[in-house]
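Hi,

Here is the structure I said I would pass on. Have a look when you get a moment, and my notes are underneath.

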Amino acid sequence: MLEITFAEGRLEVVPEGASVALLVAEEAARPALFTTIDEATGGALTRGLQAAEFTFARSKTCVLLGPGAGLSRVVLVGLGKRADLDMRALEAAGSAAAGALGRAPAGFLAVDALTGEQAAHAALGARLGAYRFDRYRTRESAEDKPRLATLTVLAGEPDIARAARAAWPALEAVAHGVALTRDLVSEPANVLSPPVFAERIAALAYLGLEIETLGPAEMQRLGFGALLGVAMGSDKEPRTVIMRWNGGAADAAPVAFIGKGVTFDSGGISIKPAGGMEDMKWDMAGAGTVVGLMAALAGRQARVNAIGVVGLVENMLSGGAQRPGDVVTSHSGQTIEVLNTDAEGRLVLADMLSYTLERYKPRFMVDLATLTGAIIVGLGHEHAGLFSNDEALAQQLLEAGLATGEALWRMPMGDGYDKLIRSDIADMKNIGGRPGGSITAAQFLKRFVGPGPWAHLDIAGMAWSSKDAPGVPKGATAFGVRLLDRLVAARYEDGASESG
Ligand code: BES
Ligand code: MN
Ligand code: ZN
């Protein structure tokens with residue numbers, strides 16, 4: 001993990017042989033440190049950026065090796081136009097800087113920031129972009145490992161450095177939540193079975209989260225017939241884990257986040273094709289995201305009451321597995337004809353949603369799930385699908401998505417789609433055919449959420465990525481942690497404006 005500290009923006013802070021990244025806006029006057037280094041190197045920076053025709057466009061980098069003044073390298077990073085300088089641009093630049101500094105164990109990042117908050121967001125970008133899942137690389141040489149271990153953020157004037165230091169702990173808590181989610185989602189399914197996943201969550205009690213784990217007997221007693229049906233084919237026991245963060249008023253209803261935690265989705269008896277089946281170790285990303293989010297809220301002591309509920313189960317085949325055509329009774333009492341055992345995520349969520357609703361009567365429920373391949377057909381890897389029964393909540397989520405760069409696209413719902421999941425022998429069937437496959441999945445969930453505000457995020461196309469992006473190295477993305485943390489901070493914490 002990249003260690004971050006903050007200091008004033010003075011060259012004296014930078015030791016001999018160090019590498020320094022300078023984050024500079026396009027049309028603004030060069031920051032003091034740029035000028036200092038440029039003078040100390042006899043104009044190496046000015047010459048370098050002229051030779052490279054470098055314009056400080058957003059997230060573009062220019063590396064100058066051995067520029068003089070005892071520096072090993074200077075990395076120039078563009079922030080784009082000062083007028084467009086938002087937190088996302090600073091994070092992207094921080095991430096690019098960390099990448100370009102990568103060969104030095106100790107790096108320095110000087111940011112042309114106006115506020116401490118901005119400097120802290122550059123640090124956040126660096127931290128998020130430097131993430132790597134390293135657990136199973138046992139033979140990698142030291143040279144091949146990224147070496148940047150500490151980053152000192154040189155944040156201009158003393159008061160800006162002070163403000164950055166004050167803003168950092170909350171952002172660091174979010175970065176920790178993101179890393180936790182990425183760690184969980186990256187684990188292979190032979191390691192992260194439902195019981196092991198539950199133990200990893202239980203270990204987060206140190207953050208002040210109250211954690212309750214339900215095993216199969218308790219789930220049976222509660223009537224989780226839909227989730228337990230999915231679990232039947234696996235030798236691994238299922239778990240339900242409930243996380244509670246009490247940061248708000250004692251009597252205030254909580255907000256609730258619900259995650260699909262299928263630790264491996266073989267499809268069950270309706271087995272998936274072999275090609276690409278390994279991707280289904282990521283099928284617990286919704287649950288992983290809920291865990292990271294709860295850790296973030298607890299870590300930054302959010303002034304809110306929040307519940308996280310995850311249904312953890314493996315979807316496998318065996319003589320005991322659920323069959324196509326089986327009818328199960330969900331926690332809500334509604335019966336479901338399971339026509340395809342590969343449409344298992346909605347079965348898991350059905351019980352988690354109605355249980356959360358009944359037990360907590362939350363202000364809203366937001367569920368996250370790698371629910372359908374169809375959402376990838378529709379939206380690719382640019383937006384997660386947003387489905388909601390509530391205009392205000394949908395709008396708040398869209399805004400939080402824009403602010404954090406975790407983009408959502410609202411999808412339609414309606415009775416016409418709901419008709420497609422009518423069953424001949426039960427209250428509903430678990431598939432609605434190919435047309436509108438993501439929408440019929442959402443209609444299915446809607447039958448378990450009651451009349452209150454609810455939103456479903458289908459993150460199948462966003463939970464992992466095959467290419468590096470700013471702040472998001474390829475692999476598990478933790479999509480949703482920052483988005484939902486933002487939703488809470490902007491709208492649901494004591495002192496935030498829910499309507500404004
Ligand atoms: N976990 C999958 C959805 C998925 C597919 C996520 C590809 C990420 C990438 C889900 O459980 C599933 O299998 N859905 C089926 C539903 C169908 C049987 C109605 C699907 O999308 O094909
Ligand atoms: Mn499936
Ligand atoms: Zn699945």
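Below is what I found, starting with the charged pairs and ending with a helix pair.

One thing to keep in mind first: this is a predicted model, not an experimental one.

**Salt bridges**

As background, side chains of opposite charge can pair when their charged atoms come close. The count here comes to 27 salt bridges. I went through a few of them.

Take Glu140 and Lys145: their closest N and O atoms sit 2.9 Å apart, and the two form a salt bridge. Glu140 has a relative accessible area of 22%, so it counts as partly exposed. Lys145 is also partly exposed, because its relative accessibility is 25% and the buried class stops at under 20%. This pair doesn't stand alone, either: salt bridges with shared partners join Arg132, Asp134, Arg137, Glu140 and Lys145 into one network.

Then there is Glu187 with Arg200, a side-chain salt bridge at 3.0 Å from N to O. Which parts of the chain does this pair tie together? Glu187 lies in the loop between α5 (158-186) and α6 (194-202), while Arg200 is in helix α6, so the bridge links parts that are 13 residues apart in sequence. As for burial, Glu187 has 1% relative accessibility and therefore counts as buried, whereas Arg200, with a relative accessible area of 26%, is partly exposed.

The side chains of Glu237 and Arg239 meet in a salt bridge as well, at 2.8 Å from N to O. Here the acid is the partly exposed partner: Glu237 has a relative accessible area of 41%. Arg239 has 17%, so it falls in the buried class.

**A nonpolar patch**

On the surface, Ile269, Ile271 and Leu317 form a nonpolar patch, and together they have about 250 Å² of accessible area. Where is Leu317? You'll find Leu317 in the loop between β10 (305-315) and β11 (326-329). Its relative accessibility is 37%, so Leu317 counts as partly exposed.

**A helix pair**

Last, helix α12 (residues 391-404) packs with helix α15 (residues 481-492) at an angle of about 120 degrees, and their axes are 8 Å apart. That angle makes α12 oblique to α15, because the roughly perpendicular range runs from 65 to 115 degrees and roughly antiparallel needs over 145. The crossing of α12 past α15 is right-handed.

That's the lot for now. Shout if anything is unclear.

Cheers

Terms used. Residues are numbered from 1 along each chain as its sequence is written. Chains are lettered from A and ligands numbered from 1 in the order in which they are written. This is a predicted model: local features need pLDDT of at least 70, side-chain atom pairs count only at pLDDT 80 or more; totals for chains, interfaces and linings use all residues. Side-chain values use heavy atoms; hydrogens and water are left out. Patches are made of residues with over 30% relative accessible area and no salt bridge: like charges are joined within 9 Å, nonpolar side chains (Val, Leu, Ile, Met, Phe, Trp, Tyr) within 5 Å. Accessible areas come from the Shrake-Rupley method with a 1.4 Å probe; for residues, only the protein chains shown count as cover. A salt bridge is a side-chain nitrogen of Lys or Arg within 4 Å of a carboxyl oxygen of Asp or Glu. Helices (H or I, at least four residues) and strands (E, at least two) are DSSP runs, numbered from the N terminus. Buried means under 20% relative accessible area, exposed over 50%, partly exposed in between (1.4 Å probe, protein chains only). Axes are lines fitted to C-alpha atoms, for helices over the stretch in contact, and angles run from 0 to 180 degrees between N-to-C directions. Angles under 35 degrees count as roughly parallel, over 145 as roughly antiparallel, 65 to 115 as roughly perpendicular and the rest as oblique. A crossing is left-handed if the near helix is turned anticlockwise from the far one by less than a right angle, and right-handed if clockwise.
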